[in-house]
Amino acid sequence: MPAIALFSALLVVGFEQFVEWQYGPSGAVGLLLLTVGLKVKSPACSSIGAVVLALLFSGPAL
């Protein structure tokens, strides 16, 4: 069980570092808003985070 928890924690931290490296501080803020919104079950917070990430991902296409 601890190995699975350690692996999932490393995966989450690795994904967060990738988003911050690729998309800068605004990517980290979007990911933080999405994560916090999901944890506290706040649709507004998670929606704002999802929109920020979607705008960052589709930025060059627009």
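Buried means under 20% relative accessible area, exposed over 50%, and partly exposed in between (1.4 Å probe, protein chains only). This is a predicted model, in which local features need pLDDT of at least 70, side-chain atom pairs count only at pLDDT 80 or more, and totals for chains, interfaces and linings use all residues. Residues are numbered from 1 along each chain as its sequence is written, and side-chain values use heavy atoms, with hydrogens and water left out.

Q: Is phenylalanine 57 buried, partly exposed or exposed?
A: The relative accessible area of phenylalanine 57 is 46%. Phenylalanine 57 is therefore classed as partly exposed.

Q: Which kind of aromatic pair do tyrosine 23 and phenylalanine 57 form?
A: Rings of Phe, Tyr and Trp (its six-membered ring) pair if their centres lie within 6.5 Å; planes under 30 degrees apart count as stacked, over 60 as edge-to-face and the rest as tilted. For tyrosine 23 and phenylalanine 57, the centres are 5.0 Å apart and the planes lie at 65°. The pair is edge-to-face.

Q: How many residues apart in sequence are the parts that tyrosine 23 and phenylalanine 57 tie together?
A: Helices (H or I, at least four residues) and strands (E, at least two) are DSSP runs, numbered from the N terminus. Tyrosine 23 belongs to helix 1 and phenylalanine 57 to helix 2, so the pair links parts whose separation in sequence is 34 residues.

Q: Which of phenylalanine 18 and tryptophan 21 counts as exposed?
A: Phenylalanine 18 has a relative accessible area of 43% and is partly exposed. At 66% relative accessibility, the residue that counts as exposed is tryptophan 21.
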